[in-house]
Amino acid sequence: MIPAAFDYLRPATLDEAIALLELHGADAKVLAGGHSLVPVMKLRLAQPKTVIDISSVADLSYVREQGDKIAIGAMTTHYDIEASPLLRDTCPLLTELAPQIGDAQVRNRGTIGGSLVHADPAADWPAAILALDADLEIAGSNGRRAVKATEFFVGMMETVVQSSEILCEIRVPTTARSVAYVKFAQRASGFAIAGVAVVVDGANKTVSVGVTGVAARPYRALAVESVLRGKVLNRDAIDQAAGIAAEGVEPLDDIHASAAFRAHLVQVNTRRALEVAVSRG
Amino acid sequence: MSAAKGYFGKPMKRVEDPRLIKGIATYVDDITLPGMLHAAVLRSPYAHARINNIKADAAKASPGVVGVFTGADVNDKCGLVPCASPMPDSKIPKHTVLASDRVYFVGHPVAVVVAVDRYAARDALDFVEVDYDPLPVVSDPEKALEKDSPLTHPEFRTNVAFTWSVANGGLDAAFKRAHRVIKQRMIHQRLTPMAIEPRGCVASWHAGEGTLTLYTSTQIPHLVRTLLPGMISVPENRIRIVAPEVGGAFGSKLNLYAEEALCSHLAQRLGAPVKWIESRRENAAATIHGRDQIGEYEVAVKKDGTLLAIKSKTLADIGAYCQLNTPAIPTLTGLMLTGCYKCKAMRMDVVGVYTHKMATDAYRGAGRPEATYVIERLMDIIADELKLDPVKVRLKNFPKPTEFPFDTLTGLTYDSGNYQGALKKAQQISNWNKLTKQRDAARKSGKLFGIGLSTYVEICALGPSKMMSAGGWEWGCVRIEMSGKVTVITGATPHGQGQETSFAQIAADKLGVPIEDIVVMRGDTAVAHYGRDTYGSRATVIGGAAILMCIDKIIAKARKLAAHLLDTKEKSVEFRDGKFSAKGKPKKALTWKQLAPEAYVAKNIPQNWEPGLEASSFFEPPNCTYPFGTHIVAVEVDRDTGEVKIVKYVTVDDCGHQVNPLLVEGQLQGGIAHSIGQALFERTVYDENGQLLTGEFMDYAMPRAKDIPEYLMDSTVTPSPSNPMGIKGVGEAGTIGATPAIANAVMDALSPLGIRHLDLPLTPEKIWRAIAPVKVK
């Protein structure tokens with residue numbers, strides 16, 4: 001479990017980091033908290049020639065109000081999100097989800113930005129980011145661009161972030177307390193086999209549902225959302241909607257859960273997440 | 001020995017723990033020797049392939065590399081990896097340290113790189129080019145017996161490695177007499193031991209003396225010292241084996257592995273110490289696995305639940321090679337198949353099958369968990385079939401406490417037992433009646449709630465030498481130092497079980513000295529000259545008895561010295577509370593601190609009295625010990641997801657007198673944790689191409705702290721007549737007793753749905769598929 005040799009660079013600013021990425025191209029990898037990259041390097045599944053450690057880049061770790069949104073620096077650790085009083089009050093879905101990631105060591109080192117860019121199809125954050133319809137700000141040599149969460153994930157381990165770009169900020173809306181994240185975890189790894197994040201907007205009578213772990217990329221359960229739009233969220237409505245949570249999705253199939261079981265679990269957890277969120281409303 | 005006096009019987013914290021908790025203990029990887037080189041092993045990515053050619057030039061030229069060695073370089077200089085327990089008809093393949101012209105499992109060692117540091121060694125592995133021709137693979141033991149199956153070792157023309165049977169009583173008559181015959185197939189899934197410290201060793205050759213020191217993470221330094229000369233050309237008396245701190249073994253380090261011989265050979269060949277540390281992936285692929293039996297079981301019963309006979313046809317998937325005890329493991333299943341029940345007849349036929357997988361061998365419980373699982377599941381199945389209470393079926397078939405020693409059909413003699421007593425106590429602690437009412441209420445409200453029990457007996461403290469290929473005795477040595485301090489040396493090689501504490505308790509009481517004056521040494525063959533090490537829950541029982549024998553000898557010798565110094569006759573010397581005195585003159589007593597210097601300066605000793613206060617002893621046990629108990633488990637199954645939650649766990653275990661109840665509890669807790677893994681989620685998965693899919697902790701699910709329920713633990717005490725302390729082994733009892741109790745609880749929860757049996761592990765998906773087959777698309 002020893003990685004192949006690599007060069008290690010530690011830029012102090014975002015511009016410097018981007019310049020280094022441009023210079024080293026596809027042979028370089030960005031190191032954030034290291035909890036996704038280092039394991040694959042140790043197994044030599046990834047053998048970057050250059051590792052660019054952005055942990056010394058100033059001002060990438062924060063949680064702050066920004067207009068009507070909450071801005072989270074990409075280098076904010078899972079634990080810092082879990083422990084953020086601001087997020088607990090304004091965007092409780094994130095503080096509910098964070099402690100369900102990995103274990104204490106992972107949460108103390110792993111970052112939200114690193115997890116999102118790694119785009120493991122079973123990572124937890126994507127479910128919440130999708131349900132919250134977050135904006136993700138990406139820095140590159142031509143400046144910054146923001147993309148919607150629904151446009152961010154391209155496929156398994158693949159996002160719109162280009163090899164010379166760095167995700168720098170995640171912006172989420174403030175929500176009411178009527179949110180929930182319900183996860184069925186893979187026994188060994190703790191990653192999601194079916195993780196469902198739900199935001200119920202009582203005022204506008206809409207719900208949004210983000211799903212991770214089930215398919216090659218995380219998705220919004222749009223069929224569920226559309227069926228429930230404008231509806232009273234009683235038991236029948238929730239049951240009916242949850243039943244179509246896997247509609248149009250091709251579930252993953254592996255030794256930990258068959259496609260059929262994943263399709264089943266996403267329905268169960270969609271129902272449970274909706275019930276919990278409604279009960280908090 | 002009384003169980004209430006002094007240190008014996010007292011719950012004491014382990015003297016081992018501070019160094020382990022502080023991180024100042026020395027494991028193999030902490031050992032660094034001057035000029036030490038580092039080895040990395042290249043392993044086969046194929047389950048079965050022909051090796052056409054290996055090109056090592058680029059690897060040899062890689063920076064820091066000292067040498068690259070293949071089978072062609074070392075196999076004629078190293079002996080074969082030994083199997084100590086072949087069956088009469090065993091076909092044993094030539095198990096060379098590195099693959100010769102074929103590889104037989106994923107992880108099979110193919111070449112070794114030695115370099116100046118471990119990074120250079122690992123980097124160079126990528127430059128060794130092996131030209132493989134993949135060959136047909138068999139990874140399923142049942143398919144392996146089909147006519148046109150690929151062969152694991154083509155030279156044998158069959159995948160049958162060995163056959164073994166045990167039978168007694170009139171089987172046909174019993175089945176004819178039965179009111180009911182019940183059949184059940186059960187699969188005992190393959191498990192990976194996953195000790196937190198992988199294997200590793202440092203071999204050091206002392207050219208001037210012609211001696212070898214091997215530091216290795218092993219349970220069995222003494223057996224390694226006995227067996228290693230068969231693999232390298234160094235005689236036993238020139239080999240020193242050191243097992244430093246060992247970070248878990250559970251049977252997986254009860255072996256002599258190819259890498260230990262390879263590093264020993266390379267250290268001689270290169271004239272420098274060689275270190276090899278296994279990675280987690282290597283550990284999952286190339287350290288022995290456990291269990292992996294498939295059985296067709298049949299029981300003959302009377303309608304009142306009386307067990308008449310049991311028979312079984314068992315396939316044991318042993319993988320590609322016979323490691324040290326591979327063929328012996330299923331025989332332990334056979335010997336214990338009748339469990340703690342009377343039975344008129346039994347038969348078990350085992351077929352050991354080769355497949356292209358890692359070898360199986362001893363893993364916590366080693367063959368006995370399979371037996372207990374089978375008989376305890378069958379007890380519940382009998383109860384279900386006959387509409388009887390599972391508790392009553394068990395009580396019906398237990399031998400009475402007055403029937404011990406109890407001879408079994410398989411030729412064993414259970415030393416002592418009171419199975420009814422443990423069951424009764426466990427029922428009391430679990431609040432049985434309330435628990436069954438809770439189940440009724442839960443079921444009424446639509447919940448899947450189940451209660452399961454297992455009443456187990458197991459064979460341990462192996463054992464009398466006639467049962468064991470290398471002898472079953474244990475050695476010990478006790479020395480009263482000149483200062484009066486006491487050195488206890490055991491050949492039992494505890495590696496985490498806590499005998500540095502429990503042996504000190506035993507010795508302190510017997511000698512009448514404070515426990516702080518005692519040190520217990522182990523694990524280094526230069527210190528503990530002889531021994532048979534730790535496995536099969538034997539160390540405290542057999543090793544402890546050897547220490548008592550030593551102390552008896554020392555006291556007898558010291559009595560002579562005391563008589564001389566007290567100017568009295570030997571038979572009038574009394575020894576009490578660590579003091580020798582002449583009868584009637586207790587005030588003029590001699591302590592060990594006073595006697596010891598006299599014994600060593602030897603200026604004033606009796607005529608013909610040998611100086612010194614040291615004795616060593618071999619204890620040969622007359623029988624194994626047979627601990628037993630009852631586990632009661634309540635579970636709730638999530639109807640939607642199939643997840644199992646343990647809501648109550650009660651265990652009453654009887655291991656005779658307890659030297660240290662805290663250690664007993666710790667051993668049981670750890671054992672039950674192993675069972676929770678086995679019962680609910682652990683499994684080693686190979687695909688049809690023999691690829692290992694559970695090669696790391698991302699995919700192999702181990703029990704974690706949050707999976708462990710609160711245990712309500714208690715015990716009964718039925719002393720063993722097999723040793724002077726009346727104690728029984730307890731290292732594996734938890735694992736042996738717990739698995740069937742958990743399985744029975746889950747099956748009870750599912751019984752209202754008409755589900756009688758599911759194989760382990762009882763994963764959510766397996767349960768969901770059983771509950772709601774209609775929902776599977």
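Here is a short conversation about a predicted model and how its chains, domains and core fit together.

In this predicted model, local features need pLDDT of at least 70 and side-chain atom pairs count only at pLDDT 80 or more, while totals for chains, interfaces and linings use all residues. Residues are numbered from 1 along each chain as its sequence is written, and chains are lettered from A and ligands numbered from 1 in the order in which they are written.

Reader: Let's start with the contact of the two chains: which helix gives the largest share of the side of chain B that touches chain A?
Author: Two residues are in contact if their C-beta atoms, placed from the backbone, lie within 7 Å. Chain A brings 17 residues and chain B brings 22. Helices H4 (118-125), H9 (280-286) and H20 (764-771) of chain B each supply at least two residues of that side of chain B, helices being DSSP runs of H or I with at least four residues and strands runs of E with at least two, numbered from the N terminus. The largest share, 4 residues, comes from H4(B).

Reader: Within chain B, which helix gives the most to the side of domain 1 that touches domain 3?
Author: By an automatic or database assignment, domain 1 of chain B covers 17-23 + 473-619 and domain 3 covers 290-462 + 623-775. Their centres, taken over C-alpha atoms, are 40 Å apart, and 16 residues of domain 1 are in contact with 19 residues of domain 3. Helices H15 (499-511) and H16 (539-566) of chain B each give two or more residues to the domain 1 side. The most, 6 residues, comes from H16(B).

Reader: And which helix gives the most to the largest nonpolar core?
Author: Such a core is a set of buried Ala, Val, Leu, Ile, Met, Phe, Trp, Tyr and Cys residues joined through C-beta atoms within 7 Å, where buried means that 20 or more other C-beta atoms lie within 10 Å of a residue's own, with C-beta atoms placed from the backbone. This one has 336 residues, and those touching the most other members include A:Leu93 and B:Ala507. With 13 residues, the helix that gives the most is H16(B).

Reader: Lovely! Over in chain A, which residue of E3(A) stands opposite A:Ala28?
Author: A:Ala28 and A:Val30 point one way from strand E2 (residues 28-31) of chain A, A:Lys29 and A:Leu31 point the other way, and all are buried. E2(A) runs parallel to strand E3 (residues 50-53) of chain A, with 4 bridges joining them; pairing takes at least two DSSP bridges. Opposite A:Ala28 stands A:Thr50.

Technical notes. Buried ≥ 20, exposed ≤ 12 C-beta atoms within 10 Å, placed from the backbone.
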